[in-house]
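Please examine the sequence and the model shown below. The paragraphs that follow lead through them step by step.

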Amino acid sequence: CAFCCKDVFGYHVRCHSVEKVVSEIKHIIEKYNIRHFLFYDDTFVLNRNRLSPICEELAKLDIIFRCNGNARYNTYEDYQMLYKAGCRELAFGIESGSQKILNIINKGVTVEQNKRAIIDAKRAGLLVKAYLMIGNPGESRETIEETKKFIAETDPDQFTLFTFVPLPGCDIWKHPEKYKIRII
């Protein structure tokens with residue numbers, strides 16, 4: 001996305017093995033009696049070869065967890081698998097209900113994919129949270145109305161509204177003229 005900066009952590013994904021993740025969770029359960037977890041990892045659901053085995057192992061632990069989904073890659077079957085594993089809330093970086101804005105910020109997803117993801121995740125029994133951004137380059141009353149309409153149509157259980165901030169290092173920060181904005 002044009003608003004993300006990978007300069008600090010890089011562009012490559014490194015995952016712990018399923019065994020390592022399960023071992024760490026077991027340790028936390030045994031030592032602290034904690035059974036609710038948040039996987040605050042943008043890539044938790046992306047690797048289809050990893051998602052199934054990790055869900056199988058998490059289901060055995062009888063935990064409740066929340067994670068982030070990805071409307072481009074996840075399917076209804078993934079959401080069902082997550083629910084069976086103990087996932088009860090799934091958050092999506094929706095950003096906008098306007099295709100114009102999604103294109104400008106290089107989100108790589110369509111409004112229809114976002115709609116389908118929310119509908120399917122809710123149908124699988126998950127609570128759905130939508131992360132939204134306002135004030136993106138190109139934002140107008142019309143695009144805000146499109147986002148309001150999107151929220152009304154998809155009815156996520158929760159949403160968080162963030163104000164766009166061009167983080168140093170992101171494409172928008174590096175090339176503001178390309179996005180027709182001025183950074184002061």
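N106 counts as exposed, because its relative accessibility is 51% and the exposed class begins over 50%. This residue sits in the loop that joins α4 (99–104) to α5. Its phi angle is near 60°, a positive value in a residue other than glycine. As the model is a predicted one, these descriptions apply to the prediction.

E95 also has a positive phi, near 70°, and is likewise a residue other than glycine. The setting of E95 is strand β3, which covers residues 87–95. Is E95 buried or exposed? With a relative accessibility of 6%, E95 counts as buried, since the buried class lies under 20%.

A third positive phi is found at G86, with a value near 115°. G86 follows helix α3, a helix made of residues 76–85. Within α3, the residues Y76, D78, Y79, L82 and A85 are buried. What do these buried residues pack against? Their partners are α2, β2 (64–68), β3 and α5. A general property of helices helps in reading such a list: an α-helix has 3.6 residues a turn, so residues three or four places apart point the same way.

L82 leads on to the interior of the model. The largest nonpolar core contains 39 residues. F44, L58, F65 and L82 are the residues with the most contacts inside this core. The surroundings of F65 can be followed residue by residue. Leaving out residues up to four places away in sequence, F65 touches F37, F39, F44, L58, L82, A85, G86, C87, R88 and E89. Among these partners are L82 and A85, both of which are buried residues of α3. Apart from the largest core lies another, with 8 residues, including F3, M133, F164 and Y179.

F164 is also a partner of N136. The position of N136 is in the loop between β4 and α6. N136 counts as buried because its relative accessibility is 3%. Not counting residues up to four places away in sequence, N136 touches I101, I105 and F164. The position of F164 can also be related to that of H27, a residue of helix α1. H27 is partly exposed, with a relative accessible area of 44%. How far apart are H27 and F164? Their C-alpha atoms are 38 Å apart in space, and 137 residues separate them in sequence.

The helix that holds H27 has a packing partner. In general, two packed helices are described by the angle between their axes and the distance between the axes. Helix α1 comprises residues 18–32 and helix α2 comprises residues 48–61; their axes come within 10 Å and cross at roughly 20°. Angles under 35 degrees count as roughly parallel, and α1 and α2 are therefore roughly parallel to each other. Their crossing is right-handed. On the α1 side, the residues in contact are V18, V21, V22, I25, K26 and I29, and they meet R50, P53, I54, E57, L58 and L61 of α2. By class, this contact has 9 nonpolar, no polar and 3 charged residues. One of the α2 residues that meet α1 is L58, which is also among the residues with the most contacts inside the largest nonpolar core.

A second helix pair is formed by α5 and α6. Helix α6 consists of residues 141–154, and α5 packs with it at an angle of about 25°, the axes lying 10 Å apart. By the same reasoning, α5 and α6 are therefore roughly parallel to each other. The crossing of α5 and α6 is right-handed. In α5, the contacting residues are V111, N114, K115, I118 and K122, and these meet F150, E153 and T154 in α6. Sorted by class, the contact has 3 nonpolar, 2 polar and 3 charged residues.

K115 deserves individual attention within this pair. K115 belongs to helix α5, and at 18% relative accessibility it counts as buried. Leaving aside neighbours within four places in sequence, K115 is in contact with F150, E153 and T154.

Beyond α5 the chain continues to G125, in the loop between α5 (111–123) and β4 (127–134). G125 is partly exposed, as its relative accessible area is 41%. The C-alpha atoms of G125 and I94 are separated by 19 Å, and the two residues are 31 residues apart along the chain.

Definitions and conventions. Residues are numbered from 1 along each chain as its sequence is written. This is a predicted model: local features need pLDDT of at least 70, side-chain atom pairs count only at pLDDT 80 or more; totals for chains, interfaces and linings use all residues. Side-chain values use heavy atoms; hydrogens and water are left out. A nonpolar core is a set of buried Ala, Val, Leu, Ile, Met, Phe, Trp, Tyr and Cys residues joined through side-chain atoms within 4.5 Å. Buried means under 20% relative accessible area, exposed over 50%, partly exposed in between (1.4 Å probe, protein chains only). Contact means heavy atoms within 4.5 Å. Helices (H or I, at least four residues) and strands (E, at least two) are DSSP runs, numbered from the N terminus. Axes are lines fitted to C-alpha atoms, for helices over the stretch in contact, and angles run from 0 to 180 degrees between N-to-C directions. Angles under 35 degrees count as roughly parallel, over 145 as roughly antiparallel, 65 to 115 as roughly perpendicular and the rest as oblique. A crossing is left-handed if the near helix is turned anticlockwise from the far one by less than a right angle, and right-handed if clockwise. Ala, Val, Leu, Ile, Met, Phe, Trp, Tyr, Cys and Pro count as nonpolar, Asp, Glu, Lys and Arg as charged, and the others, Gly among them, as polar.
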